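Reader: Please take a close look at how one pair of helices packs in this model, and then place that pair within the rest of the chain.

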Amino acid sequence: MAAVSSALGIGCDGRKPAEEAAAGKPDAAAPAAATGAPAVRKVAATQSDDRFAAQIAANLPRVPDPAIQVLEGGGAGAELDNDTFRDRTVAFVRQVAAGGDKVTCDLSLSSKRPFRAVVMGFQEGTQIARGEASDAGLCVALKEAARRAVAAAGGAREALAGARLVVELPDHHESMIESVERKGKGLELTQGLVPVRALDKALLAKRIEDGKGYLLRVIDPAHKGVHKYYHAPADRFEDELHTIYTASTALTLLKLHAYKPDPRLLRTATEAAGFMMGMQSHETHDRTAGAFFYAFELERKRPERRLVVGTASKSIFTLIELYNVTKEKKYLESAVIAAEWLISMQRPDGSVRSALVGQEGGAWKVQGKESTLYTGQVLSALSRTYRATNNKKYLDAAAQTADFLLARIAKKGCFLGDEYRKPNPISSSWAVQSLLDFAKASGDPRVEQTVFRCADDLVKRQWRRPEDAYRYGRWQRSLSSSGSGWLAEVMSEVHHHCRTKSMPGCDRYKDAVVAAIRQILQYTYGPENSFMVKNPKAAAGGVFWSVRDRYVRTDSVCHAMNAYLNMFGELGDGPLLTLPERPLAERMALAAEAPGAADAGVAEEDGEESDEAAAGQSGPKGDDPEE
């Protein structure tokens with residue numbers, strides 16, 4: 001959490017996520033412990049100190065230095081539970097910040113290591129204070145850190161009155177944040193997240209409603225297209241509307257309409273489809289008819305000259321579903337000409353060219369690199385087009401690409417990469433989803449067997465260590481919330497197919513989805529997780545990308561919502577998953593006796609980050625991991 005103090009500098013500088021990375025700041029938006037690099041942590045801490053050093057030096061002399069009264073027998077380490085300890089810690093810091101002459105401390109905790117305390121204050125998404133101090137006594141360390149935080153915020157008694165507190169004991173593996181709903185009480189903070197330790201159907205139902213509200217807000221009111229990014233720390237959208245995210249949003253709205261019928265949802269989905277169809281090329285002379293332009297530039301008021309097979313494929317998904325709901329032929333007709341264009345992008349071996357890019361003078365250049373993501377999306381789109389039209393042309397084309405994927409799996413196994421990425425779970429899950437779509441279209445039992453075999457391979461790769469609330473439910477080499485959401489969505493589809501076929505052992509897929517949902521929920525903006533955003537109401541329901549990058553990408557919300565909606569009817573009313581926290585005394589003893597224990601697992605996290613960066617950043621624009 002040491003780097004949280006500099007996180008807002010990235011969110012508010014007006015740049016896009018890619019530009020932030022290019023500026024060399026990607027880790028400033030995350031807890032330092034997540035980086036796994038001591039040098040990075042040192043730099044982040046220095047930046048945090050420097051930012052408030054002048055205010056602290058100028059204002060500390062006028063900040064009251066209260067006498068500490070210790071309650072007799074209060075706070076013995078073995079007697080405190082985690083929640084009580086956090087509540088007392090936050091309450092004590094609040095006492096100090098209030099500026100009285102005396103404060104009462106019931107935190108007489110002992111440790112073999114001095115306590116290093118960090119107190120931060122956040123207000124309207126901006127960090128306004130940071131103070132740090134060390135002492136053998138916990139109460140003294142907290143008091144001095146709190147005084148410095150008050151000084152950093154200006155020194156007045158009311159300086160932190162409207163701020164939300166974050167308190168850290170970095171050397172003792174303890175971080176907490178002040179609760180929004182319980183002022184003066186503390187909540188666990190893990191790697192900069194408020195972890196979800198208990199999941200039930202009621203919580204999921206609440207997040208479905210929040211996600212619906214977010215998706216309705218992300219639609220441009222004038223053009224009816226959807227933004228790709230919402231920069232939550234700065235409360236702004238990027239200046240483009242994206243066809244593929246419009247398609248994904250409309251599809252999720254249709255799922256929400258099926259979950260709870262609402263004419264507004266259906267109307268909004270049809271309006272979004274109008275934007276999509278307006279982005280479809282009908283030019284036959286240059287052989288682009290049926291393709292969809294990737295994005296609409298709001299400033300120039302024109303489409304970007306890029307035609308990506310993934311955009312056409314995901315648009316087909318939505319158009320066919322909208323046709324099924326409304327029976328309006330225009331949606332099916334649009335899907336069919338899109339399928340025709342996808343066939344034109346196939347190679348004889350069944351692989352797929354990724355995109356056409358407009359050149360100066362009007363010519364189109366082919367991007368020929370093979371992407372498992374795009375290959376899978378095209379296979380799914382052609383399979384679904386066949387099921388909607390019963391035209392064997394599309395099944396034959398789908399079979400060509402299915403054979404290509406099956407041959408690759410036979411040679412390399414289920415864990416796949418491509419010319420853009422190392423083997424990773426997102427590419428592998430697209431092979432599963434697309435072959436599942438083809439199995440439904442063709443009825444081929446051999447393809448179905450491959451689907452379940454490769455789905456089982458992915459299940460085995462899921463992080464399921466209950467002591468690790470930060471990672472539990474995530475897939476290795478898939479660090480983003482969008483990746484987790486997409487994998488959950490795929491596993492929910494596999495679960496439904498397994499149940500439809502009355503196969504044994506289907507709960508293994510259900511359990512994987514539930515674990516992933518828990519992990520996604522702690523990346524979802526709500527009252528407790530919005531301390532670093534400018535407008536919590538606008539961010540509510542948005543699923544932020546990662547602990548390093550707190551922007552919302554629309555497909556993160558769509559994938560998560562699709563998984564929620566696919567599984568909701570399969571879930572019971574009792575607890576779905578519980579991850580108990582290690583007892584306070586045990587955690588404190590571990591941190592005090594083993595200096596490296598507080599950073600356990602960080603090195604592996606850092607290695608995964610490197611793999612993910614290499615796997616997901618080498619593709620061209622429009623070739624994002626979940627597109």
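Author: What follows begins with the requested helix pair and then turns to a second pair, three single residues and the chain as a whole. The model is a predicted one, in which local features need pLDDT of at least 70 and side-chain atom pairs count only at pLDDT 80 or more, while totals for chains, interfaces and linings use all residues. Residues are numbered from 1 along each chain as its sequence is written, and side-chain values use heavy atoms, with hydrogens and water left out.

Helix α13 (residues 425-442) packs against helix α14 (residues 445-460) with the two axes 9 Å apart and at an angle of about 155 degrees. Helices here are DSSP runs of H or I with at least four residues, strands are runs of E with at least two, and both are numbered from the N terminus; axes are lines fitted to C-alpha atoms, for helices over the stretch in contact, and angles run from 0 to 180 degrees between N-to-C directions. The helices α13 and α14 are therefore roughly antiparallel, given that angles over 145 degrees count as roughly antiparallel, those under 35 as roughly parallel, 65 to 115 as roughly perpendicular and the rest as oblique. Their crossing is left-handed, a term used when the near helix is turned anticlockwise from the far one by less than a right angle. On the α13 side the contact (heavy atoms within 4.5 Å) is made by P425, S428, S429, V432, L435, L436, F438 and A439, and on the α14 side by V447, E448, T450, V451, C454, A455 and L458. By class, these residues divide into 11 nonpolar, 3 polar and 1 charged, where Ala, Val, Leu, Ile, Met, Phe, Trp, Tyr, Cys and Pro count as nonpolar, Asp, Glu, Lys and Arg as charged, and the others, Gly among them, as polar.

A second pair is formed by helix α7 (residues 243-259) and helix α9 (residues 309-326), whose axes come within 8 Å and cross at roughly 25 degrees. That angle makes α7 roughly parallel to α9, and the crossing of α7 with α9 is left-handed. Here T243, I244, A247, S248, A250, L251 and L254 of α7 meet G310, T311, K314, S315, F317, T318, E321 and L322 of α9, a contact with 7 nonpolar, 6 polar and 2 charged residues.

Residue R477 lies in the loop between α14 and α15 (481-500) and has a positive phi of about 70 degrees although it is not a glycine. Most residues other than glycine have a negative phi. At 28% relative accessibility R477 is partly exposed, where buried means under 20% relative accessible area, exposed over 50% and partly exposed in between (1.4 Å probe, protein chains only). K301, in the loop between β12 (295-297) and β13 (302-303), likewise is not a glycine and has a positive phi, of about 55 degrees, and with a relative accessible area of 58% K301 is exposed.

A516, by contrast, is buried at 0% relative accessibility and sits in helix α16 (residues 507-521). Beyond its neighbours within four places in sequence, A516 is in contact with Q462, G473, W475, S484 and A488.

The chain holds 20 helices and 18 strands, and buried residues make up 59% of its 627 residues.
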